[in-house]
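Dear colleague,

I am passing on the structure that we spoke about, and I would be glad if you could look at it with the notes below beside you. The notes begin with the whole chain and then turn to its strands.

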Amino acid sequence: QEIAAQEAWAYVLPNWSINGQYQVNDREQSVELQSKEQLENQALLYESIAGLMEQSAAAIPDATTQEELQAQAGDLRNVADEFRNTDVEPAVLTPREVANADTTLRVPLFNGRAYPLMRNAYTMVDMAQLNREQVRQTLSQATIQAYYNAWLSQENLESSRRQYKRSEEHVAATQRRVDAGILPISNLHRARLEAIQAAQTVQQAENRLRQSKGSLGFIMGVEENFTMVAPQFVAETKIDELSLLLERALEQRPDLQSQKLALILSQRMRNEAWFRYLPTVNLVAQTRYTNNTNGFITDPFISMVAVQGAFTIFDGGQRIAALRNSASRIREERTKLEKLKRDVRAQIRGLIIDIETKRALLEKAKEAKIMAEKTRDNVVHTQMSGLATQLEVLDANHALFLSELQQTQSHLQLDLAYWSLYHAQGSLMVLLAEATEAQ
């Protein structure tokens, strides 16, 4: 975009050029300005005037006057002799070989197209910065998404390990009851099978954690292993009113600001199309050199300064096409802007509904986990009294495991919905900066 600004400045900055030419003609062009006959006639004219002066001197009695007239007559006869002795040489107009060179400095004094083009060039720089900010926000959102996914994998791993520990405890308890002859050996086999499946779940959770951390490291540009800390949950933040959220999004989102600038660019291009009908005025300074100094030109160098004005009467329809194209571009950019505003409003409304839904799901998940913990504790105690079967214990352990996973997933999904809302408002980077300063 900075290059576009430099190109726009070319409309108002001076232009300096140097040209050279070496020309070889098929023959020399010359002209005879005087002939031998013309020189003889001039000599006769001077002699006749001299003869008249000599006759006048003979008729004048004053000796001094006679001498002056005779001297002047003698000078005229000497000039006549010089005419007769002059060799006739043709004047060369164009020699066979000619070398020409010139240097021209052109300074634009007025060019109507320059103003909108220069403003558009710097506006495009602003658009590039907004697009870069949009990419930063998108990358930050992707990083947050990847971090929450990795943290979810880590929490799932901890839940899997707790489930495996409960399975091992159940195997030990079943072993004691089988040894005491209270339960058949098949119950022990079932408990060990459940423990093996829990161990497989732990291995799968470890693999998912490695993959999630690998994806997160790829986004952050980190190859070695790293330790994650608990994310800063924002799910308890109060949501502002819809009108305030929409107003904030329309003012802060970089993509909306960039599209507004795109509309302004198209409007300026319409002005640029109209300015093509205006004349251009330039100040031109030029110095020329030629080696053709045998004819009428005697000085090889010549310089001049001029003010040039140009007005295009007909350009083949380019100006009309530019006007039509600019009008079409304005309609296109305005349509894109309106569509983007509608999409933003729909996105904000959808995210608010999504947050409320996920908040309700989180509350249900918390209730389900509390109920699963109570059920598991109750089943374990009743099993000791012989009132609960082994299958009920296994089901209670598995239900507690699933409820832990569901609660963790619901909490992180609610938090991600909040981050998506901040991203939709265009305030994601501001919030991240505030969080960094708080730390």
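Please keep in mind throughout that this is a predicted model.

The overall dimensions come first. The C-alpha atoms of the chain fill a box of roughly 180 × 45 × 40 Å when this is taken along the principal axes. The radius of gyration of the chain is 50 Å, whereas a compact globule of 439 residues would have one near 22 Å. The chain exposes about 27100 Å², of which carbon and sulfur atoms supply 54%, and 34% of its 439 residues count as buried. If one takes the contacts between residues at least 6 apart in sequence, 84% of them join residues that are at least 24 apart.

The secondary structure comes to ten helices and six strands, and the notes that follow concern some of the strands. Strand β4, residues 97-110, pairs with strand β1, residues 15-24, in the antiparallel sense over ten bridges; within this pairing, Gln 21 stands opposite Asn 100 in β4. Strand β4 is also joined by ten bridges to strand β5, residues 280-290, and these two strands run antiparallel. In this second pairing, Asp 102 stands opposite Arg 288 in β5.

One residue of β5 may be worth a look in the viewer, namely Asn 282, which lies in that strand. Is Asn 282 buried or exposed? Its relative accessibility is 16%, and because buried means under 20%, Asn 282 counts as buried. Leaving aside residues up to four places away in sequence, Asn 282 touches Arg 106, Val 107, Pro 108 and Leu 109, and also Ala 306, Val 307 and Gln 308. Of these, Leu 109 lies in strand β4.

Two of the residues that Asn 282 touches, Leu 109 and Val 307, bring us to the surface, where they belong to a nonpolar patch together with Phe 110, Leu 278, Leu 283 and Val 305. The accessible area of this patch is about 540 Å² for its residues together. Strand β4 and strand β6, which covers 301-310, each supply at least two residues of the patch. As general background for viewing these strands, side chains in a regular strand alternate between the two faces of the sheet.

With best wishes

Key. Residues numbered from 1 in each chain as written. Predicted model: local features only at pLDDT ≥ 70, side-chain atom pairs only at ≥ 80, totals over all residues. Heavy atoms only, no water. Pairing = 2+ DSSP bridges. Helix = DSSP H or I, 4+ residues; strand = E, 2+ residues; numbered from the N terminus. Patch = residues over 30% accessible without salt bridge, like charges linked within 9 Å, V, L, I, M, F, W, Y side chains within 5 Å. Areas by Shrake-Rupley, 256 points an atom, 1.4 Å probe, with all protein chains shown as cover. Salt bridge = Lys/Arg side-chain N within 4 Å of Asp/Glu carboxyl O. Rg over C-alpha atoms; globule rule 2.2 N^0.38 Å. Buried < 20%, exposed > 50% of the residue type's maximum accessible area, 1.4 Å probe, protein only. Contact = heavy atoms within 4.5 Å.
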